[in-house]
Amino acid sequence: TAEIWSFVEVANRVLERERPWERSGPRRDAVLAGLVDACRVAVGECLPFLPDGAAHLLARLGDGDSVGPAGPVFRRLGPVANGTFPPERVNAGVTSR
């Protein structure tokens with residue numbers, strides 16, 4: 001897993017250096033395509049450890065020139081907009097005696 005994190009750190013440095021949100025045109029597209037490919041590689045390497053989550057993420061990342069729709073990939077783990085936790089999250093793991 002250390003190799004996976006090293007790979008992700010390199011991709012993150014590329015993102016910080018290239019700053020695609022400040023670019024336009026073919027260069028931005030090339031940077032983003034490379035980063036999406038890096039995500040696909042990293043997630044593919046996680047399949048043995050997180051088979052369901054990695055498979056779901058790979059499906060959302062798509063293949064070739066397409067990616068899945070924008071939006072959260074996994075359900076929220078934090079509080080909802082008003083700062084409270086829904087009952088199913090508050091009571092998760094609580095067993096009655």
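**Entry 1: starting at Glu-18**

I opened this predicted model by asking what Glu-18 touches beyond its close neighbours in sequence. With residues within four places in sequence left aside, Glu-18 is in contact with Arg-23, Arg-27 and Val-31. I then looked up where Glu-18 sits, and found it in helix α1, which covers residues 2-18. Is Glu-18 buried or exposed? Its relative accessibility is 11%, and the cut-off for buried is under 20%, so Glu-18 counts as buried.

Next I checked the side chain of Glu-18. It makes a polar contact with the side chain of Arg-27, at 2.8 Å. The pair also counts as a salt bridge, with the closest N and O atoms 2.8 Å apart. As a reminder to myself, side chains of opposite charge can pair when their charged atoms come close. I looked at the partner too: Arg-27 has a relative accessible area of 43%, so I noted Arg-27 as partly exposed. This salt bridge therefore joins a buried Glu-18 to a partly exposed Arg-27.

**Entry 2: the other salt bridges**

How many salt bridges does a search of the whole structure find? I got six. I wanted to know whether Glu-18 belongs to something wider, and found that Arg-17, Glu-18, Arg-23 and Arg-27 are linked in a network of salt bridges.

I followed two further pairs. Arg-19 forms a salt bridge with Glu-22, and their closest N and O atoms are 2.9 Å apart. Of these two, Arg-19 is partly exposed at 35% relative accessibility, while Glu-22 reaches 53% and counts as exposed. The other pair is Arg-28 and Asp-29, whose side chains meet in a salt bridge at 3.5 Å, N to O. Here Arg-28 is partly exposed at 30%, and Asp-29 is partly exposed at 43%.

**Entry 3: a backbone angle at Arg-19**

I went back to Arg-19 for its backbone. Where does Arg-19 lie? I found it in the loop between α1 and α2. Its phi is near 45°, which is a positive value in a residue other than glycine. I marked that down with a general point: most residues other than glycine have a negative phi.

**Entry 4: stepping back to the chain**

I had been looking at single residues, and next I looked up the chain. It holds four helices and zero strands, and along the sequence the pattern reads α-α-α-α. The chain has 97 residues, and buried residues make up 14% of them. I also looked at contacts with a separation of 6 or more in sequence: residues 24 or more positions apart account for 25% of those.

**Entry 5: the largest pocket**

Which residues lie nearest the centre of the largest pocket? They are Val-8, Ala-38, Cys-39, Ala-42 and Val-43, from a lining of 18 residues. The elements that give two or more residues to that lining are α1 and α2, the latter being residues 25-46. Helix α2 gives the most, with eight residues. For the space inside, I wrote down about 390 Å³. I sorted the lining by character as well, and it divides into 16 nonpolar residues, two polar and no charged.

**Entry 6: Leu-35 in α2**

I stayed with helix α2 and picked out Leu-35, which has its place there. Leu-35 has a relative accessible area of 14%, so I filed Leu-35 as buried. Leaving aside neighbours within four places in sequence, Leu-35 is in contact with Ala-11, Val-14, Leu-15 and Pro-20. I also looked up its distance to Val-8: the two are 27 residues apart in sequence and 9.8 Å apart in space, C-alpha to C-alpha.

**Entry 7: Arg-40, also in α2**

My last stop was Arg-40, which lies in helix α2. Is Arg-40 buried or exposed? At 14% relative accessibility, it counts as buried because the cut-off is under 20%. The side chain of Arg-40 makes a polar contact with the side chain of Asp-37, at 3.0 Å. Not counting residues up to four places away in sequence, Arg-40 touches Leu-58, Leu-61, Gly-62, Asp-63, Gly-64, Ser-66 and Val-67.

Notes. Residues numbered from 1 in each chain as written. Predicted model: local features only at pLDDT ≥ 70, side-chain atom pairs only at ≥ 80, totals over all residues. Heavy atoms only, no water. Buried < 20%, exposed > 50% of the residue type's maximum accessible area, 1.4 Å probe, protein only. Polar contact = N/O pair within 3.5 Å; in protein donor to acceptor, adjacent residues only side chain to side chain. Contact = heavy atoms within 4.5 Å. Salt bridge = Lys/Arg side-chain N within 4 Å of Asp/Glu carboxyl O. 1 Å grid on protein atoms, 1.4 Å probe; cavity = no way out; pocket = protein on both sides within 12 Å on 5 of 7 lines; lining within 4 Å. Points joined across faces, edges and corners; volume = space filled by probe spheres on them. Nonpolar A, V, L, I, M, F, W, Y, C, P; charged D, E, K, R; others polar.
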